[in-house]
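Visitor: I am new to this structure and would like to learn how its descriptions are reached. Could you show it to me before we begin?

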Amino acid sequence: MGFTEHLVLPPAVSLLGAGWAPAAQGAAYEPFLPGLILLLPLLGFLLNGALALAAGRRSADRIRSGGAAAEGSVEPAGRMLPTWIGPGVVGVAFLLTLINFGRMLGVELNEPVIRSYWTWMGTGNLNVEAAIQLDPLSMVMMMVITGVGFLIHVFSVGYMKEDPGYARYFAYLNLFVFFMLTLVMGANFPMMFVGWEGVGLCSYLLIGFWFHDRPKADAGKKAFIVNRIGDFGFLVAMFILFATLGTLDYVGVFEAAPEAFVYGGGIVTAITLFLLLGATGKSAQIPLFVWLPDAMAGPTPVSALIHAATMVTAGVYLVARSSVLFALAPAGSVAVATIGALTALFAATIALQQVDIKRVLAYSTVSQLGFMFLGVGVGAYAAGVFHLMTHAFFKALLFLGAGAVIHSMHHAFHATHKDWDAQDMRNMGGLRRFMPVTWITMWVATLAIAGIWPFAGFFSKDEIIWASGAAARGGFEFIYTGLWVVALAAAVLTAIYMTRLMVMTFHGPSRAGEEEEKHLHGAPLTMTVPLIALAVLSVFGGWVNVPGSIRESFFGGFGLLPMSDWLDRWLAPITADAQAVLLAELGPVADQAPVGGGHVFWGAVATVVATAVVILTARSIARAGTRPAIEEGLPEGGIRKLLYNKWYVDELYDRIVVRPTLGVSRWAWRVVDQLLIDGTVNAVGNVTRGVGWFGSLFQTGQVNTYAFILTLGVLAVLGVLIL
Amino acid sequence: MLTEALVVSALLFLIGTFGVLVRRNAIIMFLCIELQLNAANLSFVALSRHLGIDGQVFVFFVMTVAAAEAAVGLAIIISIFRHYQTVNVDNFNLLKW
């Protein structure tokens, strides 16, 4: 929610919320082994990678010596080391991050702490250091990455237990954490780009983890190629930044930007639009969102970690990090907000009719990322990061819960040799009796994502919606009011599709079959503990940023909570410059919704509506009933078919992008390459050969001929000399 | 005297050239080449009277080279003859493209 009061805070304001212990004045933040946070996952990658190579060599030897590769089993000895190394390094990194967070809490931090290790590029004017930056924003991201990452690593121990690529899996996962930390810890744009590309690589490797399955390998390629389009935008933005400002360090760029760029000027708008293109690729926004649903081909914990909690939020981080630039470019900001709001609504409508449990969550992720974009687009940068954080909790929980469900369904179908899809919600139903922990924790996440008080999603998502309404000022006032309505609609749809998912999966009668029910089982401890931890975070995670007015209103109930507007204050050093620009150019934020009403009123309305939607949806879905996939045909005609087929976006892109590209490529191959280039080269060769053949006719092998020609030549030379 | 000597030299050279072009017997062609060389020698000697001793020195070099050439050339011809039982150059055309 808007909150004029903190938007006008000067940068030097105390970072502490009302209830925190008073700051030790003059104490400086001393980072504790920040490089190690980065290096530990890399170490894990190297160790697990070596183990994976060794394991691969062993199984290759087995195959060569006649024995078949043991399908679906790893000897316990091969699992022991990755089990400890993989989650271990991330866990230690999380502890180190916690220590650093604790140290940062107690001090006033006006300048980011930068640790520079070596000069990476030093040529002419371009000087790029291999440096990491520790500030409130990178700290929040590090906490999310290592914390949620650790839980997902632990979950993976149970989930991937029987996979032959166990060590390889943890190697990739550790490498991903390393690159993601590079992305958020880098102190300049090139460092962020290294992480940006690195997480793209890991995403590709993990989507195509089961690469012997052709569609999965293709999904990996799709993700990589679509991301390249976005990376191009990021690169161009960096080039323009360097060309105009002569530096790529965050500190240098953001200090110079307000003086160097005119408000709303062409250059800064171009920079922000190119950055936005990069962000839409990585964060799966319109028009580059198509890769994310396909990315669900990877193992489910990967979907939780990379394609829900961390990597896809890199675009939000990018915009929040570059908030000064976006504040200076109102057109760029409104583009971010519009794309976000449209994506939020668009993806939510698709999620309504999907039957694959992971696809529902995938489109839900796209939709929630849209909300985050809306937040950072309307200038509520802290709200965007806030939703990024809470979303990491409840979406990781939802994916891991879905992973537990799929795990169980897969085992049941496997045991009875039933050829049913373990991810199709139509084949589930009634699972709450078999996996109660998963059931309860996923309901917690559902209530959180639906935005019901007092779960985490209520505070973060509603703050974004509020901010989009309240931000209606300046030249784009009309658009922002429209986006507010779109966001409200998307939020209602969120509650509907999540409730549908829960009811179809866990409630009603079981549709898997009686024989299968005997094989359904709850998740092992390594899987339930992360679920419970994330459920706790999904409940309390939102309380770090309770708006002051709400905290006072609810009968003092939140008086116990000390953290009023804490995250906003915590991130103030990052967003202060941008807020100052917005305040100077647009004036103060109207602290009410476009149609009137304050925080408490709209908060209450949102909760009541969301609760009503959840109950009504649950009832209607339960009453309508569901039949197993083989009995139920595809939806026929109308809006349901349109949504089931995802608005035919993939088909549309196939028509207007993929096929023309293929056509042009084929033309370039046949005409340009084979005809023009190869033709020219071959022609040169043929002409040379022809001339040679002609010249060889003079070489008769007859001495007389030679003598005759020689004499003629001499006469000719003499004639020329004499005449 | 010089004019007569040069005319004789030119005649010898033309005879030699003509012989190389029209005869087919390898040994005769070889002799004609010798004739050309000696025509050149005659010019050298004749001109050295007016232009200094260099011409006569050069003649010795030419004679040495001619001797060496005769040795090598005759050896080749003998070896060709042993192979083909003839020295008619019309038969020797293997050395081409």
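Visitor: Where does helix 7 of chain A bend, and by about how many degrees?

Guide: Helix 7 of chain A, a helix being a DSSP run of H or I with at least four residues, numbered from the N terminus, bends by about 25 degrees at A:I229. The bend is the angle between axes fitted to the seven residues ending there and the seven starting there. This is a predicted model, in which local features need pLDDT of at least 70, side-chain atom pairs count only at pLDDT 80 or more, and totals for chains, interfaces and linings use all residues. Residues are numbered from 1 along each chain as its sequence is written, while chains are lettered from A and ligands numbered from 1 in the order in which they are written.

Visitor: What span is expected of helix 7 of chain A, and how far does it reach?

Guide: The expected span is 1.5 Å times one less than the number of residues, and for the 32 residues of helix 7 (214-245) of chain A this is 46 Å, close to the 46 Å reached from first C-alpha to last. Just after helix 7 of chain A, A:G246 takes a positive phi of about 75 degrees.

Visitor: Why is B:V87 called partly exposed?

Guide: A residue is buried if 20 or more other C-beta atoms, placed from the backbone, lie within 10 Å of its own, exposed if 12 or fewer, and partly exposed in between; B:V87 has 18 and is therefore partly exposed. B:V87 lies in the segment after helix 3 (54-84) of chain B, and its C-alpha is 5.5 Å from that of B:A26, although the two are 61 residues apart in sequence.

Key:
Helix = DSSP H or I, 4+ residues; strand = E, 2+ residues; numbered from the N terminus.
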